[in-house]
Amino acid sequence: DLGTASLTPRDFIHGLREEVFLALRGAEDAVLKVTLNYVCASKCREEPEVPVGPYTPFPLHSGCRLTTYADAHIDPGHLSLLQVPTAKGPYDPQDCWKDMYASMQAATKLIYITGWSVWTALRMLRGPSTEASETLGELLKRKADEGVCVRIMVWNDSSSLDNKVLNKVFKFSEHGMMGVRDEETVRFFKKTAVVAEKVHNR
């Protein structure tokens, strides 16, 4: 941990500040250089030539929706005592795994997943009535068999090897030092309609 730094909206909301130097709390004589460009969405609509941001291949969209989650899985009644006011009334905690499962279950064209790790044995539907639910890997293979384009990209951990001899020599495991399970994930989808690739983090 090198230290902490903070930036509040009032620091940049009134205009462009290309270079901001933030002092790192907890570190002696250390600063963090931040480059940012805040453009109000209304200004983007009024002036189409205003750039939304560098390296953005997709245009600005309106009517988008963002769902916030307190955790990946919420047991019924677990947050019943949590009273958080919102614009639409008291906060109603949602189940991230359940919503993701429903979205993939309803997919008809594509499912793209990219992440540090994709655990194929994950059961997204949880609870007494869902003990026999399919795993994430089973769901993705089924959707691919239904004609949905399923693509997965995971981090290629250099310390994970799909070779028992080398694992013994270098004292590694197929899970790697970081437990990414990249070899396990790619092997699970081998010879299936799901395309799973490992990508080095450089």
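**View 1. I152 and the residues it touches in this predicted model.** Skip the neighbours within four places in sequence, and I152 is still in contact with I113, V118, L140, F189, V194, V195, A196 and E197. I152 also belongs to the largest nonpolar core, as the next view shows.

**View 2. Inside the largest nonpolar core.** This core has 18 residues, and those that touch the most other members are M104, I111, L136, L140, V150, I152 and V194. Where do at least two residues of this core come from at a time? Look at α2 (96-106), α3 (136-145) and β6 (149-155): each of them supplies at least two. Helix α3 gives the largest share, with 4 residues.

**View 3. Helices α2 and α3 side by side.** Two packed helices are described by how far apart their axes are and by the angle between those axes. Here the axes of α2 and α3 come within 10 Å and cross at roughly 20 degrees. Angles under 35 degrees count as roughly parallel, so α2 and α3 are roughly parallel to each other. Their crossing is left-handed. On the α2 side, Y101, M104 and Q105 make the contact, and on the α3 side it's L136, L139, L140, R142 and K143. You've already met M104, L136 and L140 in the core view.

**View 4. E146 and its salt bridges.** Side chains of opposite charge can pair when their charged atoms come close. Which residues does E146 pair with? One is R142, with the closest N and O atoms 3.1 Å apart. Another is K143, also listed at 3.1 Å from N to O. R142 is partly exposed, at a relative accessible area of 26%, whereas K143 is buried, at 3%. Zoom out a little and E134 joins in: E134, R142, K143 and E146 are linked in a network of salt bridges. Across the whole model, the count comes to 5 salt bridges.

**View 5. A salt bridge between E183 and K198.** The side chains of E183 and K198 meet with 2.9 Å from N to O. This pair links distant parts of the chain, with E183 in helix α5 (residues 182-188) and K198 in strand β7 (residues 195-199), 15 residues apart. Is E183 buried or exposed? E183 is buried, with a relative accessible area of 9%. Its partner K198 counts as partly exposed, at 30% relative accessibility.

**View 6. Two loop residues with a positive phi, R181 and K191.** Most residues other than glycine have a negative phi. R181 isn't a glycine, yet its phi is positive, at about 65 degrees. You'll find R181 in the loop between α4 (164-170) and α5, where R181 is partly exposed, with a relative accessible area of 25%. K191 isn't a glycine either, and its phi is also positive, at about 65 degrees. K191 sits in the loop between α5 and β7, and at 83% relative accessibility K191 counts as exposed.

**View 7. Stepping back to the whole protein.** How many helices and strands does the protein have? There are 5 helices and 7 strands. Starting at the N terminus, the elements run β-β-α-β-β-α-β-α-β-α-α-β. Of the 202 residues, 24% count as buried. Take the contacts with a separation of 6 or more: residues 24 or more positions apart account for 48% of them.

Note on methods:
Residues numbered from 1 in each chain as written. Predicted model: local features only at pLDDT ≥ 70, side-chain atom pairs only at ≥ 80, totals over all residues. Heavy atoms only, no water. Core = buried A, V, L, I, M, F, W, Y, C linked by side-chain atoms within 4.5 Å. Buried < 20%, exposed > 50% of the residue type's maximum accessible area, 1.4 Å probe, protein only. Contact = heavy atoms within 4.5 Å. Salt bridge = Lys/Arg side-chain N within 4 Å of Asp/Glu carboxyl O. Axes fitted to C-alpha atoms, helices over the stretch in contact; angles between N-to-C directions. Parallel < 35°, antiparallel > 145°, perpendicular 65-115°, else oblique. Left-handed = near helix turned anticlockwise from the far one by under 90°.
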